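Please show how a sheet and its nonpolar core may be read from a set of coordinates.

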Amino acid sequence: MVETVESAKQWYVLHTYSGYENKVREDLEMRITSMGMEDYIFRAVVPETEHVEETKTGKQKVVKDKIFPGYVFVEMIMSDEAWFVVRNTPNVTGFLGSHGQGSKPTPLLDDEVHRLLRSQGEVVKRDIHFEVGEMVRVIDGAFDGLEGRIEAIEEDQEKLKVVVEMFGRETVAEVDFDQVDKL
């Protein structure tokens, strides 16, 4: 079976010095271009929350707060060359999930990546096909964590009607395709 670029791409977590997350992202983007790694390293993300008001030296200002201080998320194909370029970017202290001595790190799970990107306002289209009667788990939104059965599918709007049990009775929840995972 031939592996495609899309299936080989995975997300990894870099550990950086706290406060250097954006600098690491910028440096990594420059290194990708200068070292010709565009086919192996695709993007770096520094997850930020909404704007937060902060008072410093008596003045109020609005800043973006980091969800994971000291971490940068990188989408890449893990090859020896790509690992070397990323690992040797200034202010990167290592990969999360790597056991040292040059061992390759563990990639994030698809659900973790999906939640991360969704929290950053990115809608990730997943190639999942649903069927009426199929069981799913809601992974985002008001019904997060509940399991239910698909009652109807609206392909054109990418919505599902899922029957979940809430407060001892069945309720129909309308959710987006990207808010559920198959069981």
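The dialogue below goes through the sheet, the cores and one annotated span.

Q: What kind of model is this, and how are residues numbered?
A: This is a predicted model, in which local features need pLDDT of at least 70 and side-chain atom pairs count only at pLDDT 80 or more, while totals for chains, interfaces and linings use all residues. Residues are numbered from 1 along each chain as its sequence is written, and side-chain values use heavy atoms, with hydrogens and water left out.

Q: How does one read an open sheet, and what is the strand order here?
A: Strands of a sheet pair through backbone hydrogen bonds, either parallel or antiparallel. Strands (E, at least two residues) and helices (H or I, at least four) are DSSP runs numbered from the N terminus, and two strands pair if DSSP finds at least two bridges between them. Here, 4 strands form an open sheet in the order S2-S5-S1-S6, with antiparallel pairing. Its edge strands are S2 (41–45) and S6, each of which pairs on one side only. From one strand to the next, the twist averages 30 degrees.

Q: Which bridges join S1 to S5 and S6?
A: S1 (residues 10–16) has 5 of its 7 residues buried, where buried means under 20% relative accessible area with a 1.4 Å probe, protein chains only. To S5 (residues 71–76), S1 is joined by 6 bridges; tyrosine 12 has valine 74 as its bridge partner in S5. To S6 (residues 92–95), S1 is joined by 3 bridges. In S6, histidine 15 has glycine 94 as its bridge partner, and threonine 16 has valine 92. Helix H3 (residues 80–87) packs on the sheet and touches S1, S2, S5 and S6; its direction makes about 145 degrees with that of S6. Such angles run from 0 to 180 degrees between N-to-C directions, with axes fitted to C-alpha atoms, for helices over the stretch in contact.

Q: Which residues have the most contacts inside the largest nonpolar core?
A: In soluble globular proteins, nonpolar side chains tend to be buried together. A nonpolar core is a set of buried Ala, Val, Leu, Ile, Met, Phe, Trp, Tyr and Cys residues joined through side-chain atoms within 4.5 Å. The largest has 18 residues, and Leu14, Ile41, Val74 and Met76 have the most contacts inside it. H3 supplies the largest share, 4 residues. Apart from this core lies another, of 12 residues, including Val136 and Val180.

Q: Which span does the UniProt annotation "domain: KOW" cover?
A: According to the unreviewed UniProt entry, it covers residues 129–156; annotations may be inferred rather than shown by experiment. The span is 0% helix and 43% strand.

Conventions. Buried means under 20% relative accessible area, exposed over 50%, partly exposed in between (1.4 Å probe, protein chains only). Contact means heavy atoms within 4.5 Å.
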